[in-house]
Amino acid sequence: MVKCPHCGKELTENEMYCWNCENDVSDIKNEREKPGSEDS
Ligand SMILES: [Zn+2]
């Protein structure tokens, strides 16, 4: 489960757009999958 960065609604991770505020939420999924995000 991920949260919409725009309105805070909880969305399923396969959502490309928030059904609540209609903003693009694909970027938050990319952030989770991006390698090297766990900086030591
Ligand atoms: Zn939203």
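In which strand is the place of L11? I began the notebook with this residue, and I found L11 in strand β2. The model I consulted is a predicted one.

**Entry: overall layout**

I looked up the secondary structure of the protein chain and recorded one helix and two strands. Reading from the N terminus, I noted the order β-β-α. I then checked burial: of the 40 residues in the protein chain, 2% are buried. For the contacts with a separation of 6 or more, I noted that 6% join residues 24 or more positions apart.

**Entry: confidence**

I recorded a mean pLDDT of 82 for the protein chain, with 70% of its residues at 70 or more. Among the elements, I found the lowest mean pLDDT, 67, in helix α1, which covers residues 26-33. The highest mean, 92, belongs to strand β2, residues 10-11.

**Entry: L11**

I returned to L11, in strand β2, to ask how many C-beta neighbours it has inside 10 Å. The count is 19, so L11 is classed as partly exposed; a buried residue would need 20 or more. Setting aside residues up to four places away in sequence, I listed V2, C4, C18 and V25 as the residues that L11 touches. For one of these, V25, I also looked up the C-alpha to C-alpha distance from L11, which is 9.0 Å across 14 residues of sequence.

**Entry: T12**

Is T12 buried or exposed? I found 8 other C-beta atoms within 10 Å of T12, and therefore entered it as exposed. I placed T12 in the loop between β2 and α1. From T12 to M1 I noted 5.2 Å between C-alpha atoms, the two being 11 residues apart in sequence.

**Entry: K9**

I located K9 in the loop between β1 (2-3) and β2. K9 has 15 other C-beta atoms within 10 Å, so I entered it as partly exposed. Which residues are in contact with K9, leaving aside neighbours within four places in sequence? I recorded K3, C4, C18 and N20. For the pair K9 and N20, 11 residues apart along the chain, the C-alpha atoms are separated by 7.1 Å.

C4 and C18 thus appear in the list for K9, and both appear in the list for L11.

**Entry: C21**

I next examined C21, which lies in the loop between β2 and α1. Why does C21 count as partly exposed? I found 13 C-beta neighbours inside 10 Å, and C21 is partly exposed because of that count; 12 or fewer would have made a residue exposed. Leaving aside neighbours within four places in sequence, I listed C4, H6 and C7 as the contacts of C21. C21 and C7 are 14 residues apart in sequence, with 6.6 Å from C-alpha to C-alpha.

**Entry: E22**

I closed with E22, also assigned to the loop between β2 and α1. What is the phi of E22, in degrees? I read a positive value of about 65 degrees, and I noted that E22 is not a glycine. I marked the sign for the record because most residues other than glycine have a negative phi. I then looked up the surroundings of E22 and counted 10 C-beta neighbours inside 10 Å, so E22 is exposed.

Conventions. Residues numbered from 1 in each chain as written. Predicted model: local features only at pLDDT ≥ 70, side-chain atom pairs only at ≥ 80, totals over all residues. Helix = DSSP H or I, 4+ residues; strand = E, 2+ residues; numbered from the N terminus. Contact = placed C-beta atoms within 7 Å. pLDDT = per-residue confidence, 0-100.
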